[in-house]
Amino acid sequence: MPRIPHTAPEDLRRDPLPLRGRTALVTGASRRGGIGHAVARRLAAYGASVYVHHHVPHDAAMPWGADQPEEVAASVRAALGDPDATVVAGPGDLTEVDAPGELIATAAGALGGRLDILVANHALSGSDGTLDTIDAGMLDAHWRVDTRSVLLLVQAFARLRAALPPRTPGGRVVMMTSGQDLGGGMPGEIAYALQKGALASVTRSLSTALAEHAVTVNAVNPGPVDTGYMTGEDYEAIAALFPAGRWGMPDDPARLVAWLATDEAEWVTGQVVDSEGGFRR
C-alpha cells in the first residue's frame, strides 16, 4: 500500500508571514491605483522584500497620468510585515532588448543577491485597434512590451535560479493575461489580445521548462479591474455585469497572486487562472 503522509497539526496552521525571507520583483508598479502596486503591497504584507519596478513615461502619456515613484514605494513600504524586509524601487524601459536581464540582475542585487518571485505585471496601454485599424507598428509595440520583455525576464530569472542549490524552494513566476479567449474576446484591442494570448499559451511550456529548478509558473486573468481608466455611464454598465455589482479592485487579483507566491501553492503550476468575480460577458 502506498504510504499516506501525515500532516502535523502545527503544519496545518497558516503562517501570518508566509513569504518571510523571500524576495520579489513586481514589474509595472508605477501607480498606487494599479494592480502592480496592490500586488507589491500584498507580497510585502506577507513578509517578502520587494523590488518595485516602474516606467513613468508610459503613464505620463496616458489619460490617467503618472504617479510619484517614491510615493508608490512608500505605500508598499508601509505594508511591510517583516521588520527585516525591505522595499526598493527603480525604473526600467522594458522595450529595450537588454532591459529585462538588467532589471533581474538589479533587483536581485538590491535584495541580497537572490530573487525568488517574479510577477510580470507590466503591459502597454493604447497603441492598438481593431483588425481594420491595426498596423505593423502597433503589433511590434505590443510584442516588445507585452510578450518579448516578459519572456526575457523569465529567461533571466530562470538562469538566476539555476545557479542556486538544486530544488531551492520558493521559486515563483506569475504572468498576467486578460481573458482574451473568453466570451467575445477583445476585438477592439487586437494587438494587446494577441500578445496576452501568447503569454497564456506559453504558460504550460514555461512551467515545464522551469520545473527542474523548483519554480512554478502560472498566469492570472484579473478580469475588468478599476484602475482609474473608466468613468461615467460606461463604468456603471461594466459594474452591472458583475454579480457583486462592482468592478474588481486591484487587491482582488493581488490576493490571488500573493497566494500563488506562497508555499501553499507549490503544487499549482502551468495554469491560467481566471479571477473575475463571475463577470458576465
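Arg-167 sits in the loop between helix 6 and strand 5, with helices (H or I, at least four residues) and strands (E, at least two) taken as DSSP runs numbered from the N terminus. The model is predicted, so local features need pLDDT of at least 70 and side-chain atom pairs count only at pLDDT 80 or more, while totals for chains, interfaces and linings use all residues. Residues are numbered from 1 along each chain as its sequence is written, and side-chain values use heavy atoms, with hydrogens and water left out.

Although Arg-167 is not a glycine, its phi is positive, at about 65 degrees. With 54% relative accessibility, Arg-167 counts as exposed; here buried means under 20% relative accessible area, exposed over 50%, and partly exposed in between (1.4 Å probe, protein chains only). Ala-214, in the loop between helix 7 and strand 6, also has a positive phi in a residue other than glycine, near 60 degrees. Ala-214 is buried, with a relative accessible area of 17%.

We can turn next to the sheet. Strands of a sheet pair through backbone hydrogen bonds, either parallel or antiparallel. In this model, seven strands form an open sheet in the order 3-2-1-4-5-6-7, with parallel pairing; two strands are taken to pair if DSSP finds at least two bridges between them. Strand 3 (87-91) and strand 7 (272-274) are the edge strands, each pairing on one side only. On average, neighbouring strands of this sheet are turned by 20 degrees against each other, direction ignored. Axes are lines fitted to C-alpha atoms, for helices over the stretch in contact, and angles run from 0 to 180 degrees between N-to-C directions.

Strand 5 has parallel partners in strand 4, over four bridges, and in strand 6. Strand 5 (residues 171-176) and strand 6 (residues 215-221) are joined over six bridges. On the strand 4 side, Ile-117 has Arg-172 of strand 5 as its bridge partner. Towards strand 6, Val-174 stands opposite Asn-218, and Met-176 stands opposite Val-220.

Both strands are well covered. Six of the six residues of strand 5 are buried: Gly-171, Val-173 and Met-175 point one way, and Arg-172, Val-174 and Met-176 the other way. Strand 6 is largely enclosed by the rest of the structure, because seven of its seven residues are buried. Val-215, Val-217, Ala-219 and Asn-221 point one way from strand 6, whereas Thr-216, Asn-218 and Val-220 point the other way.

Helices cover this part of the sheet. Helix 7 (residues 190-210) lies across strand 5, strand 6 and strand 7, and runs at about 165 degrees to strand 6. Helix 9 (residues 251-261) is mostly covered, with eight of its eleven residues buried. These are Asp-252, Pro-253, Ala-254, Leu-256, Val-257, Ala-258, Leu-260 and Ala-261. The buried residues of helix 9 pack against helix 2 (35-45), strand 4 (117-120), strand 5, strand 6 and strand 7, where contact means heavy atoms within 4.5 Å.

Leu-260 gives a residue-level view of helix 9. Leu-260 is buried, with a relative accessible area of 2%. Leaving aside neighbours within four places in sequence, Leu-260 is in contact with Arg-172, Val-174, Asn-218, Val-220, Ala-265 and Val-268. Among these, Val-174 and Asn-218 stand opposite each other in the pairing described above. From Leu-260 to Ala-209 there are 51 residues in sequence and 18 Å in space, C-alpha to C-alpha.

Val-145 offers a similar view of helix 6 (residues 136-162). At 10% relative accessibility, Val-145 counts as buried. Not counting residues up to four places away in sequence, Val-145 touches Thr-95, His-122, Ala-123, Leu-124 and Val-150. Val-145 and His-122 lie 23 residues apart in sequence and 7.8 Å apart in space, C-alpha to C-alpha.

Finally, the second largest pocket holds about 350 Å³ of space. On a 1 Å grid over the protein atoms alone, a cavity is a set of points where a 1.4 Å probe fits but cannot get out, and a pocket is an open set with protein on both sides within 12 Å along at least five of seven lines; lining residues have an atom within 4 Å of a point. Grid points are joined across faces, edges and corners, and a volume is the space filled by probe spheres set on the points. The lining consists of Asp-11, Leu-12, Arg-13, Arg-14, Asp-15, Pro-16, Pro-18, Tyr-46, Thr-262, Asp-263, Glu-264 and Glu-266. These residues divide into four nonpolar, one polar and seven charged, with Ala, Val, Leu, Ile, Met, Phe, Trp, Tyr, Cys and Pro counted as nonpolar, Asp, Glu, Lys and Arg as charged, and the others, Gly among them, as polar.
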